[in-house]
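User: I am new to this structure. Please pick one part, look at it closely, and then follow its connections outward.

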Amino acid sequence: TTTPNAINTPVNAPNTGRGSPNWFEQVPSAASLPKLTDAQTAIDKDLRNPYTERWSFGFERQLPKRTVLDVSYVGSESHKLTTIADWNPRLLNGDRLYPSYGIVIGKTSQGNASYHALQARVDRRFAHGFQLAASYTWSKLIDSTSEGVAYQNLQQPDRQNRTSVPVSQGGLKLDRGLSDFDRPRRLTLTYLWAVPGPRTGWWKYPLGGWSVAGIITL
């Protein structure tokens, strides 16, 4: 069966020698009976599809020497992002909220994110054998959890991508801050240069018609 009805039985080989002898004899021949203290996964009954609202406005201006300036503000808000919540967290005394149960990890729709950016572009059109475009982004991405479903491991719950404080104790609000995917500044330059060369005679074949182009991202 698959999650949430799967039952895992880990069998660890020693880290010395060539592993465990009679390996297949150690593999359980039947599934173990479920217990309340087993690690469990669950899906929130109110789980929803995430959605994003986007908006932007800007202006474009023709400058001298075949140059165009484009400046825009871009924003977005994301809601109902999938998160991973510990529904039976440990309390300050080390006991779980419900001592009769083990780890209970739930998939929920409690994440939020916001993105705001100033985007500028300068484009010098092809003239005199040269073309250049520069794009700059100054932005900030804030969220309560950067990735809620990327990794789940019930055998090593401390490695799961969850909030540092349980959601039931305000974890999402306390963890709201810069996203793992925040890239505050980005500059991209693209250029094209038509290298001057002979246009007549035999030399135009090996030396004419060359160009140099490139992309620089910082």
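**Strand S3 and its surroundings**

Analyst: Lys-80 is found in strand S3. That strand is the part to look at. One caution comes early: this is a predicted model.

Start with the backbone at Lys-80. Its phi is near 60°, a positive value in a residue other than glycine. Why notice that? Most residues other than glycine have a negative phi. What about the surface? Lys-80 has a relative accessible area of 38%, so it counts as partly exposed.

Now look at the partners of S3. One is S2. The two strands pair in the antiparallel sense, over 13 bridges. Gln-62 stands opposite Val-68 in S3. S2 and S3 also form a hairpin, with 3 residues between them. Lys-65 sits in that turn. Its place is the loop between S2 and S3. Here again phi is positive: near 60°, in a residue other than glycine. Is Lys-65 buried or exposed? Its relative accessible area is 72%, and the mark for exposed is over 50%, so Lys-65 is exposed.

The other partner to look at is S4. S3 and S4 run antiparallel, and 17 bridges join them. Asp-86 stands opposite Ile-105 in S4. So far, then, S3 has bridges to S2 and to S4.

Take one residue of S4 for a closer view. Gln-110 is found in this strand, which spans residues 104-127. Its C-alpha atom is 6.6 Å from that of Thr-82, although the two residues are 28 apart along the chain. Gln-110 also has a side-chain link: a polar contact of 3.1 Å joins it to the side chain of Thr-108. At 34% relative accessibility, Gln-110 is partly exposed.

Next, the rings. Two rings count as a pair if their centres lie within 6.5 Å. By this rule there are 2 aromatic pairs. One joins Phe-57 and Tyr-73, with 5.4 Å from centre to centre and 50° between the planes. This pair is tilted. What does it tie together? Phe-57 lies in S2 (residues 51-63) and Tyr-73 in S3 (residues 67-86), so the pair links parts that are 16 residues apart in sequence. The two rings belong to residues with separate labels for exposure. Phe-57 has a relative accessible area of 58% and is exposed. Tyr-73 has 24% and counts as partly exposed.

The other aromatic pair is made by Trp-202 and Trp-203. Their centres are 5.2 Å apart, and their planes make an angle of 80°. That makes the pair edge-to-face, because planes over 60 degrees apart count as such. Both tryptophans are exposed.

One last stop gives a buried residue. Ser-179 is in the loop between strand S6 (177-178) and strand S7 (185-194). Its relative accessibility is 7%; buried means under 20%, so Ser-179 counts as buried. Which residues does Ser-179 touch, not counting those up to four places away in sequence? They are Leu-141, Ile-142, Asp-143 and Ser-146.

Back to S3, to close. Its pairing with S2 comes with a hairpin and with the tilted pair of Phe-57 and Tyr-73. Its pairing with S4 has 17 bridges. And Lys-80, where we began, is a partly exposed residue of this strand with a positive phi.

Note on methods. Residues are numbered from 1 along each chain as its sequence is written. This is a predicted model: local features need pLDDT of at least 70, side-chain atom pairs count only at pLDDT 80 or more; totals for chains, interfaces and linings use all residues. Side-chain values use heavy atoms; hydrogens and water are left out. Rings of Phe, Tyr and Trp (its six-membered ring) pair if their centres lie within 6.5 Å; planes under 30 degrees apart count as stacked, over 60 as edge-to-face and the rest as tilted. Helices (H or I, at least four residues) and strands (E, at least two) are DSSP runs, numbered from the N terminus. Buried means under 20% relative accessible area, exposed over 50%, partly exposed in between (1.4 Å probe, protein chains only). A polar contact is a pair of N or O atoms within 3.5 Å; within protein, one must be able to donate a hydrogen and the other to accept it, and residues adjacent in sequence count only if both atoms are side-chain atoms. Contact means heavy atoms within 4.5 Å. Two strands pair if DSSP finds at least two bridges between them.
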